[in-house]
Amino acid sequence: MDDTRAPAGEATGDLGRLAATVERLRRELADSRRAADDRALVELAKGVLVGRLGCGPAQAAEQLTTLAGRSGLSPVEVAADVINAAAHDRVSVAARAEPEAAVPLRAAESAALDAGDTQAVARSLLEHALPALGATAVAVWAAGPDGSLTLAGCAGFGPEEARSWRHVPPGVDTMAGRSLAGRRTIWHSGDLPSIGRRPADPGGRVTMPMTTGGRVLGVLEICWPDAPGAGSSRVERQIEALAELCAHTLTAPPAPSASGARTGPDSGLPELIGLADALPDPALVLRARLDARGGLADFEVRHVSRRLHGTPALEAHPFKAGGLLLEAFPQAAGGLFGRVERVHATGEPFRSERMPLALSMTGVADVSLTRHGENVLLVWRDHDEDARLAGLLEHAQRLGRIGGFEENAVTGEVTWTAQLYALYGLPPGEPPVPLERLREHAHPDDGVTVGRFLRTVLHHRRFAAAAFRLRRADGGARHLRVVAEPVFGPDGRLMATRGAYQDISSQHWTEVALAVTRDQLAHSERESAERNRLALQLQHAIMPPSHGTTRSDGLRIAVRYRPAQKDHLVGGDWYDVVTLPSRRILLSVGDVAGHGMEAATGMVVLRNALRGLAATGAGPAQLMSWLNLVTCHLAGPMTATAVCGVYDPDSRVLSWARAGHLPPILLRERDGSELPMIKGPLLGAFTDAAYEEGWVQLRADDTLLLYTDGLIERRDRNLRHAQDRLLAIATRGAATLDRLLDDLLIRCGSDTDDDTCLIGVQLT
């Protein structure tokens, strides 16, 4: 078989020539389309000159050429200027602000007028108007009356993208949807979804409602590859012109019907009038009245329903066909007008119950607004006052679980409300239970109470009330309260007995629960008082409130203990002064966290443990480490602060350690200072806590103060301020050690009502 295939190089050359030919034809087609658009623009300008100058087409063409020659502009640019001078639309406004935009905008308008559908309009915008703005894509959305969006046309996007976004249901948050709901222009830079939108897309977009005659027909969306000049008046004017152009293309022109008649904006008016007249409620048919600029000025009353004829509403508001809503009803400006405007603009129906409405005879009505083509149907229903009060009473009875009754003394008829059937557990069709048979439905234990109630009402004919347990038909029980009174006629005869039942079951069980809670609370209070009394006795037994001054190995020692004023605040503060077997003297103060019996017993454990540990002869740091282990493992879950010192009378050296406690104060020659804040964490916080040990060489007449924070704490001052005040008081001097301690207790001004321990040691 002969191989007649062309060589690869030759095939490639043929494909290249074919591609070049296709590209050339595409360019020629685009040039031809632009030339046709330019010719259409020039012809439109000729028509304007013919109308303005009253000349023929040849003279108009000659005049256009003369203007172009004198101005140095092209015929197309002159044609755009002529049209802008004659037109009073948004395109002319944008062209006056930005002359360079005149030709692209008018060219886009000319192409759009020749386009067969909105898709062709979108392509003409992309070809003529958007390049001057730097935009690369456009989408034209048509709005549905339910808030949905339909992609009527787009350019600059792929076909798959257009198919995916052909319809956006109502309620989906998109860029165009926000602009439609708010009826405003929005410059977007976020991540809202839209056609052609990708995550982390750096481009910018603008969405603008397309409005004609006060109606929002859709949304125009324009896209840029990068951030556009958002808010620029130049760009916004051009976009407004494009939105107006697209809105006109979405407005369908009158089309012939099957019978040959034209179907225009009023084509459905007879049917709408028939609907309004057939409604049992008052109705108005309204149509937008536009101002000279095409904006909404008012609503014209096209029809007044028959339901309003001859009524006081028509007399109070003289509506007539052809009249204006705000003229006949100025109060509509207070809110109703805005509702009508939104329904007319978006097509979304509006309904409201109990809306204030001056059109209504009662001032309140249920209002309904719906758009039908170019018209809006306003329907309202007056609220009947008797029906309103009856509904209010029924609502109150249901919330209060109250049911009413009436027994006619003349006919014997018994009438119950629906709520009373529910209280008895009976279906509404069952015969009501007369009052005289109430004992049959009451609990046997409440028979005496019910009998006394019935005698008072039925025999003595006086008002009475009683609480009893009702046995329901379904086997359940309810606690009810019944009240009743007789009703007499003008002649004194008994006419009826009226009353009500109220379900008080929840109130009854609440009272039972409260009684139990009160008993439990009283028991808890007695237990708490007993525990506090025992804790106070234990505390006083170990640490009396005051001590006399004692002497030991050249030391004068005074101690003060001030318990809390309230028994329930019995705390865990302790102090201790003891001479050890080595003749050294142990000085300590501490504070167990909390109050009550637990704090008091914890204080006893730690105080006695420290005494026993100090007998070993260990130093203060080691004593704190051991006492921390006692706190963590042997004294239960608690925390405490402490400071202890061991004084050697031979060397007059005080060694000391602290566990989260305030350091001692040394007074020497009328000067005072705190000992260094050496390392020492809280007792019970860490099992492996480490403690430092400090020492100080004491001299004759030195005074050492150890105290707990109850001496200085205040709610309105920080601790540092309170420590400084303590130092200032202590350095004022006192005649004796006892006087010094008493002055500190009085003048430090603590206001937390906490226990206080204070030790004063003075060398002689």
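The following is a working chat about a predicted model of a protein chain.

User: What does the secondary structure of the protein chain come to?
Analyst: The model is predicted, and its chain has 22 helices and 29 strands.

User: How much of the chain is buried?
Analyst: Of the 764 residues, 42% are buried. The accessible surface is about 39300 Å², and carbon and sulfur atoms account for 53% of that.

User: And the contacts, what share comes from residues 24 or more positions apart?
Analyst: Among contacts with a separation of 6 or more, such residues account for 57%.

User: Sheets next. What is the order of the five strands in the open sheet?
Analyst: The order is 15-14-18-17-16, with antiparallel pairing. Strand 15 (414-416) and strand 16 (464-471) are the edges; each has a single partner strand, so one side of each has no neighbour in the sheet. On average, neighbouring strands there are turned by 25° against each other, direction ignored.

User: How many bridges join strand 17 to strand 18?
Analyst: Nine bridges join strand 17 (residues 477-488) to strand 18 (residues 494-503), and the two run antiparallel. Arg481 has Gln502 of strand 18 as its bridge partner.

User: Which strands does helix 17 lie across?
Analyst: Helix 17 (residues 447-459) lies across strand 16, strand 17 and strand 18. Its direction is at about 140° to strand 16.

User: What about the open sheet of six strands, what order does it have?
Analyst: That sheet runs 19-20-29-28-25-26, again with antiparallel pairing. Strand 19 (550-552) and strand 26 are at its edges with a single partner strand each, so each has one side without a neighbour in the sheet. From one strand to the next, the twist averages 20°.

User: How do strand 28 and strand 29 pair?
Analyst: Strand 28 (residues 703-707) and strand 29 (residues 756-763) are antiparallel, with five bridges. One bridge puts Tyr707 opposite Leu758 in strand 29.

User: Which strands do helix 21 and helix 22 lie across?
Analyst: Helix 21 (residues 719-730) lies across strand 25, strand 26 and strand 28, at about 150° to strand 26. Helix 22 (residues 737-747) lies across strand 20 (555-562), strand 25, strand 28 and strand 29, at about 25° to strand 20.

User: Is strand 21 mostly covered or mostly open?
Analyst: Mostly covered: seven of the nine residues in strand 21 (residues 571-579) are buried. Strand 21 pairs with strand 22 (residues 585-595) in the antiparallel sense over nine bridges, and Val578 has Leu586 of strand 22 as its bridge partner.

User: How many residues sit between strand 21 and strand 22?
Analyst: Five, and the two strands form a hairpin. Arg583, in the turn, has a positive phi of about 75°.

User: Why pick out a positive phi?
Analyst: Because most residues other than glycine have a negative phi. Arg183 also has a positive value, near 50°. That residue is in the loop between helix 8 (175-182) and strand 4 (186-188). Glu669 has a positive phi of about 50° as well, and lies in the loop between strand 25 (665-668) and strand 26 (671-674).

User: Why does Arg183 count as partly exposed, and is Glu669 buried or exposed?
Analyst: Arg183 counts as partly exposed because its relative accessibility is 32%, which falls between the 20% and 50% cut-offs. Glu669 is exposed at 67%.

User: Switching to helix 19, how far apart are its end C-alpha atoms?
Analyst: They are 26 Å apart, which agrees with the 26 Å expected for the 18 residues of helix 19 (residues 597-614) at 1.5 Å a residue. Its buried residues include Met597, Met603, Arg607 and Leu613.

User: How many disulfides?
Analyst: The count is zero. Two of the cysteines are buried: Cys644, with a relative accessible area of 0%, and Cys748, with 5%.

User: Last one: where does Ser148 lie, and what is it in contact with?
Analyst: Ser148 is in the loop between strand 1 (137-143) and strand 2 (149-155), and is buried at 6% relative accessible area. Leaving aside neighbours within four places in sequence, its contacts include Ala142, His167, Pro169 and Leu180.

Definitions and conventions. Residues are numbered from 1 along each chain as its sequence is written. This is a predicted model: local features need pLDDT of at least 70, side-chain atom pairs count only at pLDDT 80 or more; totals for chains, interfaces and linings use all residues. Side-chain values use heavy atoms; hydrogens and water are left out. Helices (H or I, at least four residues) and strands (E, at least two) are DSSP runs, numbered from the N terminus. The expected span of a helix is 1.5 Å times one less than its number of residues. Buried means under 20% relative accessible area, exposed over 50%, partly exposed in between (1.4 Å probe, protein chains only). Two strands pair if DSSP finds at least two bridges between them. Axes are lines fitted to C-alpha atoms, for helices over the stretch in contact, and angles run from 0 to 180 degrees between N-to-C directions. Contact means heavy atoms within 4.5 Å. Accessible areas come from the Shrake-Rupley method with a 1.4 Å probe; for residues, only the protein chains shown count as cover. A disulfide is a pair of cysteine sulfur atoms within 2.5 Å.
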